[in-house]
Amino acid sequence: MAAAAGAAGGAAADNEDAEYLEYYLMTETMPDSIRTAMEKERLAVGMNKTQVRLVMGARPHHPGDPSSVTKEGDEELWVFKSDNRPDRVVRFDQEGTVIKLERRLI
């Protein structure tokens, strides 16, 4: 019974994240390429940190916040870990814009 309650809670959180993403898309101005990627719940070069969090939070099996944040020179790296999938690494420039997306098998 507790497992079912946990699953229901997780589903509610996923639904809430999807609602935040939908609201953001209705209320914010952004380039068409970013809007299209967000509608498809995909990451894209040119996104900002808020957009990355919204997309990752709306996707199944991913948290909205990164598992780790590190610096490499002038770049900030966010790593999103997921069970049975390659880690997603998002590289940001100094202005907080995505400059590169990577997948890492660890």
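Before I start, one definition: two rings of Phe, Tyr or Trp, taking the six-membered ring in the case of Trp, count as a pair if their centres lie within 6.5 Å. Please keep in mind as well that everything I describe today comes from a predicted model.

With that rule, the count comes to two aromatic pairs, and the ring pairs link Trp78, Phe80 and Phe92 into a cluster. Phe92 has a further partner, since the charged end of Lys49 sits over its ring, 5.5 Å from the centre.

Let me move from the rings to the residues around them. Which residues does Val52 contact, once we leave aside its neighbours within four places in sequence? They are Leu43, Met47, Trp78, Phe80, Val90, Phe92 and Val98, so that the three residues of the ring cluster are among them. Val52 also belongs to the largest nonpolar core, which has 20 residues, and together with Met38, Leu43, Met47 and Val90 it touches the most other members. Two or more residues of this core come from each of helix H1 (2-27), helix H2 (32-39), helix H3 (49-58), strand E2 (75-80) and strand E3 (87-92), and H3 gives the most, with five residues.

Now to strand E3, where I would like to spend a little longer. In a regular strand the side chains alternate between the two faces of the sheet. In E3 both faces are covered, with Asp87, Val89 and Arg91 buried on one side and Arg88, Val90 and Phe92 buried on the other, so six of its six residues are buried.

E3 also has a strand partner on each of two hairpins. It runs antiparallel to E2, joined by five bridges, and one bridge partner to look for is Arg91, which pairs with Leu77. Six residues lie between E2 and E3 in their hairpin, and Asn84 in the turn has a positive phi of about 60°. E3 is likewise antiparallel to strand E4 (residues 98-104), here with six bridges, and Arg88 stands opposite Arg103 in E4. This second hairpin has five residues between the strands, and Gly96 takes a positive phi near 85°.

Finally, a word about confidence. The mean pLDDT of the protein chain is 85, and 83% of its residues reach 70 or more. Confidence is highest in H2, at a mean of 97, and lowest in H1, at 66. Over residues 1-12 the pLDDT is below 50, and this stretch has zero contacts in the model beyond near neighbours in sequence. Where pLDDT is low, the predicted coordinates should not be read in detail.

Technical notes: Residues are numbered from 1 along each chain as its sequence is written. This is a predicted model: local features need pLDDT of at least 70, side-chain atom pairs count only at pLDDT 80 or more; totals for chains, interfaces and linings use all residues. Side-chain values use heavy atoms; hydrogens and water are left out. A nonpolar core is a set of buried Ala, Val, Leu, Ile, Met, Phe, Trp, Tyr and Cys residues joined through side-chain atoms within 4.5 Å. Buried means under 20% relative accessible area, exposed over 50%, partly exposed in between (1.4 Å probe, protein chains only). Helices (H or I, at least four residues) and strands (E, at least two) are DSSP runs, numbered from the N terminus. Contact means heavy atoms within 4.5 Å. Rings of Phe, Tyr and Trp (its six-membered ring) pair if their centres lie within 6.5 Å; planes under 30 degrees apart count as stacked, over 60 as edge-to-face and the rest as tilted. A charge sits over a ring if NZ of Lys or CZ of Arg is within 6 Å of the ring centre and within 35 degrees of the ring normal. Two strands pair if DSSP finds at least two bridges between them. pLDDT is the predictor's confidence in each residue, from 0 to 100.
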